[in-house]
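User: Please take a close look at the aromatic pairs of this model and at the parts around them. I would like one connected account that goes from the rings to the surrounding core, strands and loops.

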Amino acid sequence: MYDRLVEHLKATGIAFAETAWSKAPKTDYGVIALDGAAETLWGDNRMKQQALEGTVDLFTHGPGMEKAKQIQTALDAAGVSWQLSSVQFEEDTKLTHWEWIFQLEVW
């Protein structure tokens, strides 16, 4: 499921990486990261179902509304649950930073 999500995000045409960029590119870019376990279902002292939580970050040189819309469409197409967590202007880089939190079922 995670691979499918990465595939949909990269299909937007926005430069995406699965790790933080060491030096921000001059174009708009995104980062996808898994953060850890989300919801789990336990039974008979064993994990029966688990979901992973992660973040998708988009950094744009302007407001970035159209690209944010592309990200949300990609998240929907990948079949993951998500929410827009924050939108902020980063003074030091002069970039607009969009952040989505997503969850996807593992088993």
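Analyst: What follows starts with the aromatic rings and then moves to the core, the hairpin and the loops. The model is a predicted one, and local features are described here only where pLDDT is at least 70.

A pair of aromatic rings is described by the distance of the centres and the angle of the planes. When the whole structure is searched in these terms, 2 aromatic pairs are found. One of them joins Tyr29 and Phe59, whose ring centres lie 4.9 Å apart with the planes at 20 degrees, and because planes under 30 degrees apart count as stacked, this pair is stacked. Tyr29 belongs to strand β2 (residues 29-43) and Phe59 to strand β3 (residues 46-60), so the pair ties together parts that are 30 residues apart in sequence. Both partners fall under the 20% limit for burial: Tyr29 is buried at 7% relative accessibility, and Phe59 is buried at 11%. The rings of Trp98 and Trp100 also pair, with their centres 6.0 Å apart and their planes at 10 degrees, so that this pair, too, is stacked. Trp98 has a relative accessible area of 6% and is therefore buried, while Trp100, with a value of 0%, is buried as well.

The two tryptophans lead on to Val56, since Trp98 and Trp100 are both among the residues that Val56 touches. Leaving aside residues up to four places away in sequence, the contacts of Val56 also include Leu9, Phe16, Val31, Ile32, Ile71, Leu75 and Phe102. Val56 is, moreover, one of the residues that touch the most other members of the largest nonpolar core, a set of 19 residues in which Leu5, Ile71 and Phe102 are named alongside Val56 for this. Two or more residues of this core come from each of α1 (2-10), β3, α2 (65-78) and β5, and α2 gives the most, with 5 residues.

Phe102 offers a further link, this time to Leu34, which is placed in strand β2. Although Leu34 and Phe102 are 68 residues apart in sequence, their C-alpha atoms are 9.1 Å apart in space, and the two residues touch. Other contacts of Leu34, again not counting residues up to four places away in sequence, are Tyr2, Leu52, Glu53 and Gly54. With a relative accessible area of 40%, Leu34 is partly exposed, whereas the tryptophan at position 100 is buried at 0%.

Strand β5 pairs with β4 in the antiparallel sense, over 9 bridges, and within this arrangement Ser81 stands opposite Gln103 in β5. The two strands form a hairpin with 4 residues between them. Lys94 lies in the loop between β4 (81-90) and β5 (95-105) and has a positive phi of about 65 degrees although it is not a glycine. At a relative accessible area of 45%, Lys94 is partly exposed.

A comparable backbone feature appears in the loop between β2 and β3, where Asn45 is found. Asn45 is not a glycine, yet its phi is positive, at about 60 degrees. Its relative accessible area is 80%, so Asn45 is exposed, in contrast to Tyr29 and Phe59 of the strands on either side of this loop, which are buried at 7% and 11% respectively.

Note on methods: Residues numbered from 1 in each chain as written. Predicted model: local features only at pLDDT ≥ 70, side-chain atom pairs only at ≥ 80, totals over all residues. Heavy atoms only, no water. Phe/Tyr/Trp six-rings, centres within 6.5 Å; stacked < 30°, edge-to-face > 60°. Buried < 20%, exposed > 50% of the residue type's maximum accessible area, 1.4 Å probe, protein only. Core = buried A, V, L, I, M, F, W, Y, C linked by side-chain atoms within 4.5 Å. Contact = heavy atoms within 4.5 Å. Pairing = 2+ DSSP bridges.
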